[in-house]
Amino acid sequence: MIDSLFAVIVLLIVFAAGFSAYKTRAIEQAYPNIGELTDIGGYRLNAVHLPRPTTADLPALVFIHGASGNLRDQFAAFAAPLSGRAEMLFVDRPGHGYSERGTAENALPSGQADAIAQLMDKRGIKSAIIVGHSFGGAIAAAFGMRHPERTEGLLFLAPATHPWSGGVDWYYTLAATPVFGWLFTQIFVIPLGLRRVETGTLSIFRPNARPADYIMKTAPELVLRPQTFRNNAIDVVNLFAYVSAHAPRYSEIKAPTIIITGDSDDVVLEELHSRGLARDIVGAELVTIRNLGHKPDYVTTDVAIAAMERLAGQPRDLQVLAAQAEIRISSLGSEVSGRQPSSQAMTTS
């Protein structure tokens, strides 16, 4: 009886692992790499690099995506509206999208910031405005501290940068463990995760509407691939200790800084992270937009681009533009309901 039960369990594991391998190939066929892999010293980072156009009126821009994401997220938001205005680098963070994971240091925002600096070297980008969304905000902050001479400005979009109360979602904690995490990602993540793509992407936009083509354009299923999910989980699990140690050093950041956040963000709470950054970085401007959730890059793209222009020295009144965005959001209608405090730094962002 025990032998038969064991055999059934083994067959189920083999079947689930085979299904995950099959779906991994299918996901990669559906969303092939749109970037280019560059060796930065023993491993390769993937990125879309748009060279500086002759019509450019902005410095180089480097975009850093959040947890569970890839370069397509920021590319879909900003590449078209900024076309012809700047050199742009959209990066798959180490171990995400089609980038290789690299060294152990890349499990921390500091290591990922250094990797992006190395990629900039390879691409001939001496300095840039660094744009970080959500988890990418922690990396942007690390970049500003570790590479000040290369930082023309910092734009934080709904950033995750400070310690929070509570933990992270259970599946991140499990996936990050040494043995059971590997089994979990190899067997269960794809079957379970594919069922949550729709609801998960809706939740990161809430209370705002998600663009109808968001999934098609940004390929969130790429994070469900076993090794990518494990890398993502390790990043998220490591974040609390990292920001606890480094948030007190944000006062070292001297680059011009703008923070754009929504007061209805239930993924990364603005009162902890965005207000914390505004408090800690001298001269930082905080732009808080009412009824905006976790995706200012999509819902208020115009305000984000105006912030880049402001960081480049062009006169822009971001508070007026934020007020106009609030009117637009209100006119579109929203799903705003009783807001429930979140204990997570992020679920998917």
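Good morning. A residue is called exposed when its relative accessible area is over 50%, and buried when that area is under 20%, with partly exposed residues in between. M216 has a relative accessible area of 58%, and therefore it counts as exposed. The model that we shall discuss is a predicted one.

Let me stay with M216 for a moment. This residue belongs to helix 9, which covers residues 214-218. Leaving aside residues up to four places away in sequence, M216 touches Y31 and R72. V320 stands 104 residues from M216 along the chain, and the C-alpha atoms of the two are separated by 33 Å.

In the same part of the sequence we find a salt bridge between D213 and K217, whose closest N and O atoms are 3.1 Å apart. D213 counts as partly exposed because its relative accessibility is 29%. K217 is also placed in the partly exposed class, at 42%.

I now turn to the chain as a whole. It contains 14 helices and 8 strands. Its radius of gyration is 20 Å, close to the 20 Å given by the globule rule for 349 residues, so the chain is as compact as a globular protein of that length. Measured out along the principal axes, a box of roughly 75 × 50 × 40 Å is filled by the C-alpha atoms. Of the 349 residues, 55% are buried. The accessible surface comes to about 14,700 Å², and carbon and sulfur atoms account for 60% of it. Among contacts with a separation of 6 or more, 81% are between residues 24 or more positions apart.

Next, helix 13, which runs over residues 301-311. How many of its 11 residues are buried? The number is 9, and the helix is thus mostly covered. Among the buried residues are T301, V303, A304 and I305, together with M308, E309 and L311. After the helix comes G313, which has a positive phi, near 95°.

One of those residues, E309, deserves closer attention. Side chains of opposite charge can pair when their charged atoms come close. A search of the whole structure finds 20 salt bridges. In one of them, the side chains of E309 and R85 meet, with 2.6 Å from N to O. E309 lies in helix 13, while R85 lies in the loop between helix 2 (71-78) and strand 4 (88-91), so this pair ties together parts that are 224 residues apart in sequence. Are these two residues buried or exposed? Both E309 and R85 are buried.

E309 has a further partner, R316, and here the closest N and O atoms are 2.5 Å apart. R316 is partly exposed, with a relative accessible area of 29%, whereas E309 is buried, with a value of 9%. Through shared partners, salt bridges join D57, R85, E309 and R316 into one network.

Let us move to the strands. In a regular strand the side chains alternate between the two faces of the sheet. Strand 8, residues 285-289, shows such alternation. Which of its side chains point to the buried face? They are E285, V287 and I289. L286 and T288 point to the other face and are not buried. Strand 8 runs parallel to strand 7 (residues 257-262), and 5 bridges join the two. As an example, I259 has L286 of strand 8 as its bridge partner.

A buried residue in another helix is T228, found in helix 10 (residues 226-246). Its relative accessible area is 9%, which means that it falls in the buried class. Which residues does T228 touch, not counting those up to four places away in sequence? They are G95, H96, G97, L222 and V223.

Finally, I return to the surface. F15, F19, Y22 and L194 form a nonpolar patch there, and together they have about 410 Å² of accessible area. F19 is part of helix 1, which spans residues 2-30. Because its relative accessibility is 30%, F19 counts as partly exposed.

To close, I would draw your attention to two places in the model. The first is E309, a buried residue that takes part in a salt-bridge network with D57, R85 and R316. The second is M216, an exposed residue in helix 9. Thank you for your attention.

Definitions and conventions. Residues numbered from 1 in each chain as written. Predicted model: local features only at pLDDT ≥ 70, side-chain atom pairs only at ≥ 80, totals over all residues. Heavy atoms only, no water. Patch = residues over 30% accessible without salt bridge, like charges linked within 9 Å, V, L, I, M, F, W, Y side chains within 5 Å. Areas by Shrake-Rupley, 256 points an atom, 1.4 Å probe, with all protein chains shown as cover. Salt bridge = Lys/Arg side-chain N within 4 Å of Asp/Glu carboxyl O. Helix = DSSP H or I, 4+ residues; strand = E, 2+ residues; numbered from the N terminus. Buried < 20%, exposed > 50% of the residue type's maximum accessible area, 1.4 Å probe, protein only. Rg over C-alpha atoms; globule rule 2.2 N^0.38 Å. Contact = heavy atoms within 4.5 Å. Pairing = 2+ DSSP bridges.
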